[in-house]
Amino acid sequence: MEKLLYTKDHEWIKVEGNTALIGITDHAQKSLGEIVYVELPETDDELKMEEAFGVIESVKAASDSYMPVSGTILEVNEELEDNPTLLNSDPYGTWILKVELSDKGELDSLLDFDAYNELCEEAH
């Protein structure tokens, strides 16, 4: 988890070259409760940083998920359509999107592990 970058909206991003995997953090899944549905974007969609890419619904609430960086959707995790609770049981092992990065410079605005933990502690 220390190799990941984070948003203030509780998404994580794992960069591998010019592509990245995006998911939600443990903090996010705990706040949501039992996840019952994940709305996924279409592959080849081009989305901007901080643009909503989908909705995660739980027994408590529905929450938009936001792009940590701008990019083109290469792949969505279709497993989540049948088994959305994977985000509860393994939030860091379960990705939602795979994207091709449009601007790697945007990564500089994201939080590292320590900064993200500080953010979560301040929220409590």
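In the predicted model, Trp12 has Gly23 of strand 3 as its bridge partner. This pair belongs to the ladder between strand 2 (residues 11-16) and strand 3, where six bridges join two strands that run antiparallel. Strand 2 and strand 3 form a hairpin with two residues between the strands, and in this hairpin Gly17 takes a positive phi near 70°. Strand 3 covers residues 19-24 and is mostly covered, with five of its six residues buried. Strand 3 also pairs with strand 9 (residues 97-101), in the antiparallel sense and over four bridges. Within that pairing, Leu21 has Lys98 of strand 9 as its bridge partner.

These pairings are part of an open sheet of six strands, arranged in the order 1-2-3-9-8-5 with antiparallel pairing. Strand 1 (5-6) and strand 5 (46-47) stand at the edges; each has a single partner strand, so one side of each is left without a neighbour in the sheet. For strand 5, pairing is with strand 8 (residues 71-76), in the antiparallel sense and over two bridges. Glu46 is bridged to Thr72 in strand 8. In a regular strand, side chains alternate between the two faces of the sheet.

Two residues in loops have a positive phi without being glycine. The first to be described is His10, with phi near 75°, a positive value in a residue other than glycine. His10 is found in the loop between strand 1 and strand 2. With a relative accessible area of 18%, His10 is buried, because the cut-off for a buried residue is under 20%. Glu50 likewise is not a glycine and has a positive phi of about 75°. The loop that holds Glu50 lies between strand 5 and strand 6. Glu50 has a relative accessible area of 60% and is therefore exposed, as the cut-off for that class is over 50%.

Strand 6 (residues 52-58) includes Ser58. Ser58 is buried, with a relative accessible area of 9%. A polar atom of the Ser58 side chain lies 2.7 Å from the backbone oxygen of Leu32. When neighbours within four places in sequence are left aside, the residues in contact with Ser58 are Leu32, Gly33, Glu34, Ile35 and Val36. Val36 also takes part in a nonpolar patch on the surface, together with Tyr37 and Val59. The accessible area of this patch is about 280 Å² for the three residues together. Tyr37 lies in strand 4 (residues 35-39). The relative accessibility of Tyr37 is 40%, so Tyr37 counts as partly exposed.

A search of the whole structure finds two salt bridges. One of them joins the side chains of Lys30 and Asp26, at 3.0 Å from N to O. Lys30 and Asp26 are separated by about one helical turn because they are four residues apart in helix 1 (residues 26-32). Lys30 is exposed, with a relative accessible area of 57%, whereas Asp26 counts as partly exposed at 24% relative accessibility. In the other salt bridge, the side chains of Lys14 and Glu16 meet at 3.8 Å, N to O. Both Lys14 and Glu16 fall within the residues of strand 2, which spans 11-16. Lys14 is partly exposed, with a relative accessible area of 37%. Glu16 is partly exposed too, with a relative accessible area of 39%.

A relation between distant parts of the sequence is given by Asn117 and Tyr6. Asn117 and Tyr6 are 111 residues apart in sequence, and their C-alpha atoms are 9.7 Å apart in space. Asn117 is found in helix 4 (residues 113-123). With a relative accessible area of 29%, Asn117 is partly exposed. Tyr6, for its part, falls in strand 1 (5-6), one of the edge strands of the sheet.

Technical notes:
Residues are numbered from 1 along each chain as its sequence is written. This is a predicted model: local features need pLDDT of at least 70, side-chain atom pairs count only at pLDDT 80 or more; totals for chains, interfaces and linings use all residues. Side-chain values use heavy atoms; hydrogens and water are left out. Two strands pair if DSSP finds at least two bridges between them. Patches are made of residues with over 30% relative accessible area and no salt bridge: like charges are joined within 9 Å, nonpolar side chains (Val, Leu, Ile, Met, Phe, Trp, Tyr) within 5 Å. Accessible areas come from the Shrake-Rupley method with a 1.4 Å probe; for residues, only the protein chains shown count as cover. A salt bridge is a side-chain nitrogen of Lys or Arg within 4 Å of a carboxyl oxygen of Asp or Glu. Buried means under 20% relative accessible area, exposed over 50%, partly exposed in between (1.4 Å probe, protein chains only). A polar contact is a pair of N or O atoms within 3.5 Å; within protein, one must be able to donate a hydrogen and the other to accept it, and residues adjacent in sequence count only if both atoms are side-chain atoms. Contact means heavy atoms within 4.5 Å.
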